[in-house]
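Colleague: I am new to this structure, and I would like to understand what lies behind the terms you use for it. Could we start with one strand and work outwards from there?

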Amino acid sequence: MTRKISAERGRIQISGFDAEKVEQREPLSDWTEESGDETQTRWQRGWERFKRNRTALIGLAVVAFLSLVAIFARPISVMGTTVQPFSLAPYDPAAILYLQDPSIGVYDPPSSTNWMGTDASGRDLFSRLLYGGRYSISIGFIVVVITASFGTIYGAVSGYYGGWTDEIMMRIVDTIFAFPFLVMALVIVAMLGGGYWQLVLAFSLVGWASYARLIRGEVLKVKENEYVMAAKALGARDKSVIFRHIVPNAMPPLLVVASLNVGTVVIGVAALGFLGFGMPPGSAEWGTMLDQTRETLIQGPDGTIPWWATVFPGMAIFMFVMAMNMIGDGINDALDAQETGAGQQGGA
Amino acid sequence: MSDAESPDGADENPLLRVEGLQKHFQVDEGLISSLLRATMGKEADYVHAVDGVSFELERGETLGLAGESGCGKTTTGMSLVKLHEPTDGRIEFRGMDLTESNDEELDEFRRNAQMIFQDPFESLNPRMTVYDTLAEPLRIHDIENETARIRRALEFAELQPPDQYFDQYPHELSGGQRQRVAIARALVLDPDFVVADEPVSMLDVSLRAGVLSLMERMTEEFNLSVVYISHDLSLLRHMCDRLAIMYMGEIVEKGATEDIIENPQHPYTRSLINAVPVPDPDVGRERVELAGEVGDAIDVPSGCRFHGRCSEYIGDICETESPSLERKAEFDDDREVACHLYDSCGERS
């Protein structure tokens, strides 16, 4: 306010009020039905909130970046035709470089040609790191999609029907929970042998139980709502009550858990890899890469420790999982605040 | 109003006949507790939510169910639209026994019986637009002309212009508007029978009159039979032809609304009516205060369930013999009372 404060007696100075602005603003009577009928769904509002959350956006950017880099690291061809011709990685991740170029050795430190150095077999670490995302990230997402869908159906059926159905279904879940997550996955992989789909299967078999339990709890809560009663009173079939009324309203916590779970699965895959149970030795999966350079943590081949061989793969795992957790927290905040926001918006 | 008004004239039966309706809920249903019970040879405990309710409802008639909270009004209402499977008793709709109906008959019943719930913030799915909410019953029952019917129902519920509400979500509407949407949802199938469970108790006082007059119009125009469930006797007096007063899962008095309000006979009814505030400081009246708490619905009191709180307690008979709901010699209206104070006229209900 540039106006001088008047010291005249009997005058009230109102700060922050500008008569001109009030006179010039659009009259309320111009407001028509069209100008105000934009409706925002819960998800739109959740997204708005998510967008304002800087941490979550950074997480999303990191995950998107790592995923894109993994996709474009080497060409992808499906049944002979190349669907993705780009190749960001300077070398073939499986190529043993000293066979082609004798100047490159085992455990070369980072240099201008090998940005992250080479590993125990003289392979380019940078290329392997980019390529390795394909295994870790895709296993993470595939496992979460499988476990979340199966767990949702299982938990919804269990919670909705209740009684003995619920009792038996939940005792099965308890049985799965009785085994530690990683140990059970390890046992399954040990039985089936390592490999991509074996890992997916192992983590899916142990992972669905937590979704089932979560969704069951949500369903128990949601099914007491009057709109579920109303749908039943209208004669809606069980299937439509579950999938139109109950599951959509039980979704927010599921999304949060699922996004956090991607990170858990990636860590689990890396951990199995580190124990030598994941992908076949030599494949460029992050955990397996760590496993192969494990002994160098104490002493490298020539007495020095080649830190790059363990730090970079470890960093990749750390960054991805951290970013996934940031996204998960962001979703949690967006949908949570959303809940309270919706409550305040109501009112008769 | 109570005579056979049905257009097809085929029904001699009342629209709805409820006989000895009972709904008991098992208290402890878990695996462990049922195993424990089995090993220890104990019987399961039950909450006697509704314990032998009987009444009839003619076409176009409105019945009020009144009583304090926990007396089983809502459970009765839910059993009437088959949201609960009754433990015992019969519900006949147009002469068809609902407890033994097949899927097809049940479908038919669902199309004709609707429920309006207490809380409009709860009874609409927050993820569905008004249009989808109203379209759901039509889709369930394969009824054509979806949009036209929805438009008509919204117009009837005084949500004008209807098209403007199509894409709105419940949280964008006010409480009154939501309850109107809920009413429109009940009416979109053109039902014969509606259960309204405390339809306005969650609404702002300023909105109640509007919603109530809408419901009155709905009863009249659709020639609906309505069961109103409420603890608010002044509301029921306004809306209902007949009243039934419930206490601990049983009907203690039933009859024409005016008879009961003006001249209550059961001690419990009297104390209920006495509790209704009169907005006039000069109206003095004798207060009948209810002593004590509502009895235990699990371990039901013997004899008359009201005997522990009754101001007219007349002796052992109240504690040993359960009074039946019947016509009494003292009254010439068609009132039925369950109380030992009055002489039975020999004709059981």
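Modeller: This is a predicted model. In β8(B), Ser225(B), Val227(B) and Ile229(B) point one way, while Val226(B), Tyr228(B) and Ser230(B) point the other way, and all are buried.

Colleague: What makes strand β8 of chain B largely enclosed by the rest of the structure?

Modeller: A residue is called buried if 20 or more other C-beta atoms lie within 10 Å of its own. Six of the six residues of β8, residues 225-230 of chain B, are buried, so the strand is largely enclosed by the rest of the structure.

Colleague: Why are β3 and β7 of chain B said to pair with β8(B)?

Modeller: Two strands pair if there are at least two bridges between them. Strand β3 (residues 62-66) of chain B shares five bridges with β8(B) in the parallel sense, with Leu63(B) opposite Val227(B), so the requirement is met. Five bridges also join β7 (residues 193-197) of chain B to β8(B), again in parallel, and here Val194(B) stands opposite Val226(B). From β7(B) the chain crosses through helix α7 (residues 205-221) of chain B to β8(B), in a right-handed β-α-β crossover.

Colleague: How do you know that chain B touches chain A, and which helix of chain B gives the most to that side?

Modeller: Contact requires C-beta atoms within 7 Å, and 32 residues of chain B are in contact with 23 residues of chain A. The helix that gives the most is α4(B), with three residues. By class, this side of chain B has 13 nonpolar, ten polar and nine charged residues.

Conventions:
Residues are numbered from 1 along each chain as its sequence is written. Chains are lettered from A and ligands numbered from 1 in the order in which they are written. This is a predicted model: local features need pLDDT of at least 70, side-chain atom pairs count only at pLDDT 80 or more; totals for chains, interfaces and linings use all residues. Two residues are in contact if their C-beta atoms, placed from the backbone, lie within 7 Å. Helices (H or I, at least four residues) and strands (E, at least two) are DSSP runs, numbered from the N terminus. Ala, Val, Leu, Ile, Met, Phe, Trp, Tyr, Cys and Pro count as nonpolar, Asp, Glu, Lys and Arg as charged, and the others, Gly among them, as polar. A residue is buried if 20 or more other C-beta atoms lie within 10 Å of its own, exposed if 12 or fewer, and partly exposed in between; C-beta atoms are placed from the backbone. A crossover is right-handed if, with the strands pointing away from the viewer, the path from the first strand over the helix to the second runs clockwise.
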